[in-house]
Amino acid sequence: MVEKAQRAGAGKPRMQPSQKAYVGLSAMCSGLGRVREAAKRDPKIQFTSLLHHLTKDLLIQGFKALNKKSAVGVDDETWQMYSTDYVNRISDLHARIHRGAYRAKPSKRIYIEKDDGRKRPIGIAALEDKIVQQATTWLLEAIYEERFLSFSYGFRPGRSQHNALDAIYVAIEQRKVNWVFDADIEGFFDNLNHEWMIKFLEHCIGDPRLIRLIRKWLKAGVSEDGQWLKTEVGTPQGATISPILANIYLHYVLDLWVEQWRKRNARGEVYIVRYADDFVMGFQYESDAKAFNKDLVERLEKFGLRLHPKKTRLIKFGRFAEKDLKQDGKGSPETFEFLGFTHYCGRTRKGKFAIKRKTSKKKMRNSIQRIKTILRKKMHYPLPIVGAWLRLSLRGHFNYYGVPGNRDSMDKFRTTVARTWIRVLQRRSQKGKSLNWSKMAGRITRWLPRAKVTHPYPNQRFCVNT
């Protein structure tokens, strides 16, 4: 984080995430290890022969890595059905891939509700497509993990959402950041341009067989209500291959361009942290931020993308924000949201500037609504079964949101869940109406774990990692 080229989120880790991620896999599939070493030795190398790395062993590992309970695609085949004869079936799949007879099936399109009430389209691939996509993802990661920049965190082995949160926290608190540019690319997965995607892949991949394989998934289309729909742009959200393709696309469209822009155009310090298509930037000067915003719009437009008008904004933020805004008569600094947390300007007990974080109201509301819905479905289940499920739900919530300073939000979440449970039990029967907090106190204490900080302070973990 000291040099300008390493800003944002990250200086080069002493051990790259890929070095950790491929130890077990490379031991079994040594070809991936050789690919990764070649990519590491020569950052500009173009791989002209890659398809032979999609071996039977790698496909079998891809099959075993799939979620056994995931939804089925248009083939209506579950993991359990395929597993009854998976060795022979994968041998046949392997042969079809290498003689060019493999055909990608369309993704089954379903919709899930987004936070804003709109529907998000999700594509569910057929089982064999999932297997080949998983193996191909590992192959592409072996190449690109040595090329991706350090401020990219989403869907990368060895990197988590909390690593991204740590990076933006440290950049704002310890560097010269006075303005925060909170950006979101609108409908990124739906608007990814196929031809540009192929051109970007061909920078590193000179094997036309692998390019054709990836193109098959891009062009396979979707099946909605039994009707096939052609796809000219976009990659299905939910497909195993989509995250790595998204990172490759944004590596060329955004990451490399940002790196050059801040070297050539910025007057002051500039930091960026990207998680998939959601990214946050810190600027020392407002003029840099506004100039960057203008250039970014033009840059994205060239590749068929645009910023989300309601989710992209520039705000005054940092150690001098409160003082400067008061002098201008504009009140308190605004907040921004990133990866489920609301970030706001605060003070330590000694009065020093500090970034404070709390669970986003929207995420809190959605989590509580989800639990309420499931509790109603489990209304007549035995209390120990419901209690055990609630315990797991709260632990999962605290494991993610348990950052220093967020104790009040987590306590509120636990209290709200407990009250929701009581209300559901009160509706279960006539006897249930007599239930109240005092009568349920023992069960609440037993089944609902108390809020716990599960993460260290960002600067501690960030320094260890980098």
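The secondary structure of the protein chain, in what I should say at once is a predicted model, comes to 19 helices and 11 strands. The C-alpha atoms fill a box of roughly 70 × 65 × 40 Å when the box is taken along the principal axes. For 466 residues, a compact globule would be expected to have a radius of gyration near 23 Å, and the protein chain, with 24 Å, agrees with that expectation. Of the 466 residues in the chain, 52% are buried.

Let me turn to the charged pairs. Side chains of opposite charge can pair when their charged atoms come close. A search of the whole structure finds 19 salt bridges, and I will take three pairs and one network in turn.

The pair I would start with is R274 and D255, which form a salt bridge with their closest N and O atoms 2.9 Å apart. This pair links distant parts of the chain, since R274 sits in strand 6 and D255 in helix 12, which covers residues 242-264, and the two are 19 residues apart. Are these two partners buried or exposed? R274 counts as buried because its relative accessibility is 0%, and D255, also at 0% relative accessibility, counts as buried because that value is under 20%.

The salt bridge between D76 and K108 has its closest N and O atoms 4.0 Å apart. Here too the pair links distant parts of the chain, with D76 in the loop between helix 4 (56-65) and helix 5 (79-83), and K108 in strand 1, residues 107-113, at a separation of 32 residues. D76 has a relative accessibility of 51% and therefore counts as exposed, whereas K108, at 24%, counts as partly exposed.

The pair of E298 and K294 lies within one helix: both residues belong to helix 13, residues 286-302, and they are four residues apart, about one turn of the helix. Their closest N and O atoms are 3.3 Å apart in the salt bridge. E298, with 49% relative accessibility, counts as partly exposed, while K294, with 55%, counts as exposed; the two fall into separate classes because the limit for exposed is over 50%.

Staying with helix 13 for a moment, D295 is placed there as well, and D295 is partly exposed, with a relative accessible area of 24%. The C-alpha atoms of D295 and W261 are separated by 9.2 Å, although their positions lie 34 residues apart in the sense that they are 34 residues apart along the chain. As for the network, D92, R96 and E128 are linked by salt bridges.

Now to charge on the surface. Which residues form the positive surface patch? The patch is formed by R376, R419, R423 and R427. R376 lies in helix 15, which runs over residues 361-377, and R419 lies in helix 17, residues 407-426. Both of these arginines are partly exposed, R376 with a relative accessible area of 45% and R419 with 47%; each value is over the 30% that a residue needs in order to count towards a patch. To place R419 within the fold, its C-alpha atom is separated by 39 Å from that of W79, and the two residues are 340 apart along the chain.

My last topic is the backbone. Most residues other than glycine have a negative phi. Against that background, I would draw your attention to two residues, A276 and L339. A276 has a phi near 60 degrees, a positive value in a residue other than glycine, and its place is in the loop between strand 6 (270-275) and strand 7 (278-283). L339 likewise is not a glycine and yet has a positive phi of about 55 degrees; this residue lies in the loop between strand 9 (336-338) and strand 10 (341-347).

Where, then, do these two loop residues stand in terms of accessibility, buried or exposed? A276 is buried, with a relative accessible area of 11%, and L339, at 13% relative accessibility, also counts as buried. Strand 6, which precedes the loop of A276, is also the strand that holds R274, the arginine paired with D255 in helix 12.

Terms used:
Residues numbered from 1 in each chain as written. Predicted model: local features only at pLDDT ≥ 70, side-chain atom pairs only at ≥ 80, totals over all residues. Heavy atoms only, no water. Patch = residues over 30% accessible without salt bridge, like charges linked within 9 Å, V, L, I, M, F, W, Y side chains within 5 Å. Areas by Shrake-Rupley, 256 points an atom, 1.4 Å probe, with all protein chains shown as cover. Salt bridge = Lys/Arg side-chain N within 4 Å of Asp/Glu carboxyl O. Lys, Arg positive; Asp, Glu negative; His and termini not counted. Charge placed at Lys NZ, Arg CZ, Asp CG, Glu CD. Buried < 20%, exposed > 50% of the residue type's maximum accessible area, 1.4 Å probe, protein only. Rg over C-alpha atoms; globule rule 2.2 N^0.38 Å.
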